[in-house]
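Dear colleague,

I am handing over the structure below. Please look it over before reading my notes.

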Amino acid sequence: MHSRARSQEAKLRRAEDLLDAARALAADRGGVRHITLSAVTEAAGLHPSAVRRYFDSKEELLLELAERGWNQWRDLLTAHLADVRDLAPGQIAAAVATTLAAQPLFCDLLTHVPLSLEGEVGIERARRFKTSSFAAYDTIVDALTAAGTMTTAQVQGLLTVALGLTANLWQLSHPTPTLAELYAQNPRWGHVALDFEPRLTRLLQATAVGLAL
C-alpha cells in the first residue's frame with residue numbers, strides 16, 4: 001500500500017514538473033504555440049518517451065494548464081472583488097480586464113482552447129475541462145453580478161466579449177519575431193499590437209456601458 005502511494009505521489013510530481021516546464025517555456029519562447037513535447041520533457045529532466053505516462057499529447061498538457069487558468073482567474077477575480085458592492089459597469093469591466101491581464105499564460109491559452117486543444121483530446125478529458133471551466137465561469141458571473149450594478153445577463157455578455165477580445169488582442173500584442181521586425185519597419189501596421197491591457201480595458205468598458213443601457 002505504501003509503495004503504491006509513493007508511486008502515485010511520484011507520478012503527480014512528475015506531472016507537475018512537466019506543467020512547470022511548459023509554463024516556463026511559454027514565457028521564454030513567446031507563447032504556447034512555440035512549445036514542443038520534446039522541449040518540455042527535456043526542461044523537466046525526463047526522457048521524451050516518459051511524457052506519455054502523464055499526458056497523452058501536448059494538447060492534453062496545455063488543456064490542463066488552461067483548466068487551471070480558469071480556476072486561477074476565478075480565485076483572482078473573487079479576491080479582487082471581495083467585500084466590494086455597487087460597482088458601475090465601467091468598474092466591473094476594469095476588474096475583468098485587470099485580472100485577465102495578470103494571467104498572461106491564460107490569455108495566450110484562450111486562443112488555443114477552441115482552436116485546437118479541447119478538440120484534440122479524448123471525450124472524457126474534454127468533458128472534465130468543460131465541467132471545470134463552466135463551474136469557474138459560473139462563480140465569476142455570480143461574483144461580478146454581486147459586486148456591481150449589472151444584471152447576470154449583462155455580465156454574461158461582457159464575459160463573452162472579454163474572452164473573445166483577450167484571445168485576439170493577446171496574440172496581436174505578442175507578435176512573432178518576423179512580425180515584430182515588420183512592425184518596426186512600418187509602425188502603422190503595428191498599432192494594434194500595442195498596449196494590451198489599456199486597449200482591453202477601454203473596449204470592455206465601452207461594452208459594459210453599452211450593455212447596461
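The notes cover the largest pocket and then two loop residues.

This is a predicted model, in which local features need pLDDT of at least 70, side-chain atom pairs count only at pLDDT 80 or more, and totals for chains, interfaces and linings use all residues. Residues are numbered from 1 along each chain as its sequence is written, and side-chain values use heavy atoms, with hydrogens and water left out.

The largest pocket (on a 1 Å grid over the protein atoms alone, an open set of points where a 1.4 Å probe fits, with protein on both sides within 12 Å along at least five of seven lines) has a volume of about 250 Å³. That volume is the space filled by probe spheres set on the points, which are joined across faces, edges and corners. Its lining (residues with an atom within 4 Å of a point) consists of W70, L110, V113, P114, E118, F129, K130, S133, F134, Y137 and L163. Helix α6 (123–147) and helix α5 (104–117) each supply at least two of these residues, and α6 gives the largest share, five. Helices here are DSSP runs of H or I, at least four residues, numbered from the N terminus. By class, eight lining residues are nonpolar, one is polar and two are charged. Asp, Glu, Lys and Arg count as charged; Ala, Val, Leu, Ile, Met, Phe, Trp, Tyr, Cys and Pro count as nonpolar; the others, Gly among them, are polar.

The loop between α3 (58–80) and α4 (89–101) contains D83, and D86 is found there too. Phi is positive in both non-glycine residues, near 65° for D83 and near 60° for D86. D83 is exposed (over 50% relative accessible area, 1.4 Å probe, protein chains only), at 77%. D86 is also exposed, at 64%.

Regards

Technical notes. Helices (H or I, at least four residues) and strands (E, at least two) are DSSP runs, numbered from the N terminus. Buried means under 20% relative accessible area, exposed over 50%, partly exposed in between (1.4 Å probe, protein chains only).
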